[in-house]
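Open the model in your viewer and keep the selection panel at hand. The tour goes stop by stop.

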Amino acid sequence: FEAGIQGLVGGFFGVLLGGGIAFGQSFIEFGTLMAFTSEMAVEVLLAGLLSIAIGIVLAAIAALGPSLIAARLAPMEAMRVE
């Protein structure tokens, strides 16, 4: 669950940062000629949602291995500090 939340937050900020960079670069290249239509807005929104979903799935998959290893340990062994 924690990994999924981290994937959600990371995906959200990744979409914001990537979208901001892409918008800034296209504004620098095209200036006021850049057109933003409603069809484009829908495509950008869907791509952003897909990116966030992929971030959640990848974070959950990455956390699966360590959590399975930790689940096999005895509670006292897991809490031991070396």
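Is I5 buried, partly exposed or exposed, and why? This is a predicted model, so read each stop as a computed result. Select I5. Its relative accessibility is 39%, so I5 counts as partly exposed. The cut-offs explain the label: buried means under 20%, exposed over 50%, and partly exposed lies in between. I5 sits in helix α1, which covers residues 2-30.

**The nonpolar patch**

Now add F1, L8, V9, F12, F13 and L16 to I5 and show the surface. Together these residues form a nonpolar patch there. Their combined accessible area is about 760 Å².

**The helix pair**

Next, colour α1 and helix α2, residues 38-72. At what angle do α1 and α2 pack? The angle is about 145 degrees, and the axes lie 7 Å apart. The crossing of the two helices, α1 and α2, is right-handed.

Show side chains where the helices meet. On the α1 side, select A3, G4, G7, L8, G11, F12 and V15. On the α2 side, select G48, S51, I52, G55, I56, A59, A60 and A63. L8 and F12 deserve a second look: both belong to the nonpolar patch, and both are among the α1 residues that meet α2.

**The loop**

Move to M34, in the loop between α1 and α2. Its relative accessible area is 26%, so M34 is partly exposed. Which residues does M34 touch, leaving aside those up to four places away in sequence? They are F23, S26 and F27. Draw a distance from M34 to F23: the C-alpha atoms are 9.6 Å apart, with the two positions 11 residues apart along the chain.

**Last stop**

Finish at L68 in helix α2. L68 has 45% relative accessibility, so it counts as partly exposed. Draw one more distance, L68 to I54: 21 Å from C-alpha to C-alpha, at 14 residues apart in sequence.

Definitions and conventions:
Residues numbered from 1 in each chain as written. Predicted model: local features only at pLDDT ≥ 70, side-chain atom pairs only at ≥ 80, totals over all residues. Heavy atoms only, no water. Patch = residues over 30% accessible without salt bridge, like charges linked within 9 Å, V, L, I, M, F, W, Y side chains within 5 Å. Areas by Shrake-Rupley, 256 points an atom, 1.4 Å probe, with all protein chains shown as cover. Salt bridge = Lys/Arg side-chain N within 4 Å of Asp/Glu carboxyl O. Helix = DSSP H or I, 4+ residues; strand = E, 2+ residues; numbered from the N terminus. Buried < 20%, exposed > 50% of the residue type's maximum accessible area, 1.4 Å probe, protein only. Axes fitted to C-alpha atoms, helices over the stretch in contact; angles between N-to-C directions. Left-handed = near helix turned anticlockwise from the far one by under 90°. Contact = heavy atoms within 4.5 Å.
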